[in-house]
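Please explain how the ligand is held in this protein. The model is a predicted one.

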Amino acid sequence: MTSPLQQIRHPAAKKADVELWCKRDDLYTAAPGTALQGNKVRKLEPVILAALAAPVKPLLFSFGGAFSNHLSAIATAGRVYNLPVVVFVRGEEADNPVLDQARADGAELILISRSEYRMKGNHGWLLAKREEIAARYGIAKTSAWPVPEGGSAPGAAESVGKLYLEIVEELGSVPDYVCLSAGTGCSAAGVISAASSATHVEVYPALKGDWMTKEIIGFLPNIEGKNWSCISDYHFGGYARFPKEWVSESNLSRSTSPGTRALALIADIGQSGMPPLDPVYNAKLFYGVLDRIRKGVYTRGSTVVVVHSGGIY
Ligand SMILES: *Cc1c(COP(=O)(O)O)cnc(C)c1O
């Protein structure tokens with residue numbers, strides 16, 4: 001599977017003499033219309049392939065916030081690939097569209113307190129949970145596979161990095177810039193690692209703060225000296241915070257749930273053949289890139305590829 005690369009003929013790009021492209025990873029999916037798309041698919045691919053190849057079908061258990069794309073995506077993966085899925089959900093919220101859909105996909109959701117949720121990185125706690133789940137499902141402990149929050153399992157970053165190779169193939173050359181959004185930074189690490197030194201990778205954190213560079217290096221330490229930087233000015237107040245104009249009337253009921261259906265209504269984006277954008281990650285990214293195009297940041301004649309990482313829009 002690959003996703004298409006589309007040219008965006010935006011007036012600002014034309015004026016700045018920049019060739020603007022979008023890597024449509026929102027179309028990278030076996031289940032259109034679900035959160036199982038884009039980087040969530042690429043991150044889960046290694047674990048799903050391993051699960052499908054295992055002699056005994058494993059159960060996947062993971063962790064997520066009550067509105068998270070990851071929770072939604074892994075539940076859908078369970079349905080699509082016929083694998084049992086259990087997700088520990090942070091907080092008290094028991095009903096929202098994301099959780100309803102995950103249950104409809106057949107996932108078991110276990111609500112745990114915020115304080116217990118913080119234990120998820122603790123090895124002993126994780127083993128105890130695995131034993132509990134294995135006993136309840138009547139399977140061997142070794143058949144209950146933990147998947148880290150956000151889907152950032154071993155091999156996940158490298159798997160996302162393949163999108164860079166697709167871009168080079170589709171473009172027929174090495175792009176001057178590749179721009180992408182970051183939550184945990186796992187996807188960014190993979191793309192940076194895969195990128196040629198002739199490509200500058202720009203990472204746009206969807207969260208506020210200046211710690212993302214360290215997080216990204218934490219995923220793949222070998223990328224430290226590579227050609228990349230974090231552009232930290234387009235978080236719009238922090239995770240899942242964004243201007244209310246970015247949400248369309250028809251989707252208002254869902255828009256109160258970060259990460260669920262909402263449309264970016266940045267006027268000039270909507271008018272220029274742009275794909276729909278989720279407000280949590282990609283609207284911030286595209287806003288930032290267009291702003292920098294207008295400011296003349298990118299060398300004239302250069303090729304800028306923006307990665308649409310998916311998300312529910
Ligand atoms: C999860 C997610 C991200 C963040 O990916 P990381 O690998 O955690 O940085 C970006 N975009 C979308 C649409 C996502 O769902």
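**The ligand and its surroundings**

There are 15 residues around the ligand, and those that come nearest are Lys40, Gly183, Thr184, Ser187 and Ser309. By residue type, the shell around the ligand divides into 10 polar, three nonpolar and two charged residues.

Several polar contacts can be picked out by atom. A polar atom in the side chain of Lys43 lies 2.8 Å from a ligand oxygen. The backbone also takes part: a polar backbone atom of Gly185 is 2.9 Å from an oxygen atom of the ligand. In the side chain of Ser187, an N or O atom is 2.7 Å from an oxygen atom of the ligand. As for cover, the ligand taken alone exposes 390 Å², and the protein buries 97% of that area.

The site can next be placed within the fold. The ligand sits in the largest pocket. Two elements give two or more residues to the shell around the ligand: helix H2, spanning 39–53, and helix H8, spanning 186–194. Of the elements, H2 gives the most, with three residues.

Where does the ligand lie with respect to domain 1 and domain 2? Domain 1 covers 5–33 + 156–308 and domain 2 covers 39–151. The ligand lies between the two domains, because both give residues to the shell around it.

Technical notes:
Residues are numbered from 1 along each chain as its sequence is written. This is a predicted model: local features need pLDDT of at least 70, side-chain atom pairs count only at pLDDT 80 or more; totals for chains, interfaces and linings use all residues. Side-chain values use heavy atoms; hydrogens and water are left out. A residue is near a molecule or strand if one of its heavy atoms lies within 4 Å of it. A polar contact is a pair of N or O atoms within 3.5 Å; within protein, one must be able to donate a hydrogen and the other to accept it, and residues adjacent in sequence count only if both atoms are side-chain atoms. Accessible areas come from the Shrake-Rupley method with a 1.4 Å probe; for residues, only the protein chains shown count as cover. On a 1 Å grid over the protein atoms alone, a cavity is a set of points where a 1.4 Å probe fits but cannot get out, and a pocket is an open set with protein on both sides within 12 Å along at least five of seven lines; lining residues have an atom within 4 Å of a point. A molecule sits in a cavity or pocket if more than half of its atoms lie within 2 Å of its grid points. Helices (H or I, at least four residues) and strands (E, at least two) are DSSP runs, numbered from the N terminus. Ala, Val, Leu, Ile, Met, Phe, Trp, Tyr, Cys and Pro count as nonpolar, Asp, Glu, Lys and Arg as charged, and the others, Gly among them, as polar. Domain bounds come from an automatic or database domain assignment.
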